[in-house]
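Me: Please take a close look at a single part of this protein and explain how it relates to the rest of the chain. I am in my first year, so kindly explain each term when it comes up.

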Amino acid sequence: MTDLPTFERSPILPNEVEDKEIWQPRWHCFCCQDTGQIQAHLVSLIIPDYDHNRDRIPVCQGCNKFDNYHLKEYGVLDLRFDLYICKKLDAIARDGWKKTTEQQFEKYKKQLDIATGQIAQAHSLAVANRTSNDEREVQQRKAEIEAISPQEWKAMNESYLVGKKDE
Ligand SMILES: [Zn+2]
């Protein structure tokens with residue numbers, strides 16, 4: 001039993017397990033990212049001159065996330081993207097996501113390596129500082145000892161011997 005406190009880790013770098021979660025998307029459907037509206041860049045694969053601001057809303061039919069079907073009455077929905085197309089777009093987006101995250105992960109890994117190196121450097125710098133402090137202390141002690149006059153040495157020796165005799 002000790003009465004020392006217990007601290008939690010104080011990491012400079014975040015935990016790796018948490019980092020991996022960054023690369024997991026929040027959505028299930030890659031076609032619409034669970035919004036029900038197909039991602040504009042995917043739409044433009046099929047409608048090359050697609051204008052997000054002026055064209056009907058392409059509804060994802062690869063999932064059931066779109067809940068504004070009442071807008072159909074207003075004629076603002078583009079329902080030509082059927083299940084088959086949406087699944088295809090989902091696969092394309094999924095692949096793109098994978099590639100992007102892989103690239104980001106590589107970049108992140110490099111940054112992590114650099115950061116780890118910097119932390120190691122900081123630690124060794126602290127060690128180097130401590131060593132030079134130790135050396136400074138040694139030099140100081142040496143200087144103090146050298147400053148003692150022969151008379152003082154004699155007196156110290158005598159008192160030492162006196163002490164010995166008393167034991
Ligand atoms: Zn969807």
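Reply: Asp34 is found in the loop between α1 and α2. Here helices (H or I, at least four residues) and strands (E, at least two) are runs assigned by DSSP and numbered from the N terminus. The model is a predicted one, in which local features need pLDDT of at least 70, side-chain atom pairs count only at pLDDT 80 or more, and totals for chains, interfaces and linings use all residues. Residues are numbered from 1 along each chain as its sequence is written.

The backbone of Asp34 deserves attention: its phi is positive, about 65°, although the residue is not a glycine. Gln33, which is placed in the loop between α1 and α2 as well, also has a positive phi without being a glycine, near 50°.

How are these residues covered? A residue is called buried if 20 or more other C-beta atoms lie within 10 Å of its own, exposed if 12 or fewer do, and partly exposed in between, with C-beta atoms placed from the backbone. Gln33 counts as buried because 20 other C-beta atoms lie within 10 Å. Asp34 has 15 such neighbours within 10 Å, and is therefore partly exposed.

Trp27 belongs to the loop between α1 and α2 too. With 14 other C-beta atoms within 10 Å, Trp27 is partly exposed. If residues up to four places away in sequence are left out, Trp27 touches Gln33 and Asp34. Touching, or contact, refers to two residues whose C-beta atoms, placed from the backbone, lie within 7 Å.

Cys32 leads from this region to other parts of the chain. Not counting residues up to four places away in sequence, Cys32 touches Gln37, Ile38, Gln39, Cys60, Cys63 and Lys65. Cys32 also belongs to the largest nonpolar core, which has 15 residues; Cys29, Cys31, Cys32, Ile38, Leu42, Cys60 and Leu89 are those that touch the most other members. At least two residues of this core come from each of α2 and α3, and α3 gives the most, with three. A nonpolar core is a set of buried Ala, Val, Leu, Ile, Met, Phe, Trp, Tyr and Cys residues joined through C-beta atoms within 7 Å. In soluble globular proteins, nonpolar side chains tend to be buried together.

What covers α3? Its buried residues, Cys86, Leu89, Asp90 and Ala93, pack against α2. An α-helix has 3.6 residues a turn, so residues three or four places apart point the same way. Otherwise α3 is hardly covered, with four buried residues among its 64. Helix α3 (residues 83–146) reaches 91 Å from its first C-alpha to its last, close to the 94 Å expected at 1.5 Å a residue; the expected span is 1.5 Å times one less than the number of residues.

A further approach between distant parts of the sequence involves Asn64, in the loop between β1 (57–58) and β2 (77–78). The C-alpha atoms of Asn64 and Gly36 are separated by 7.2 Å, although the residues are 28 apart along the chain. Asn64 is exposed, because 9 other C-beta atoms lie within 10 Å.

For the whole chain, four helices and two strands follow the order α-α-β-β-α-α from the N terminus on. Of its 167 residues, 13% count as buried.

Finally, confidence should be considered. The pLDDT is the predictor's confidence in each residue, from 0 to 100. The chain averages 84, and 88% of the residues score at least 70. Confidence is highest in α2 (residues 40–46), with a mean of 95, and lowest in α1 (residues 16–22), with a mean of 55. Where pLDDT is low, the predicted coordinates should not be read in detail.
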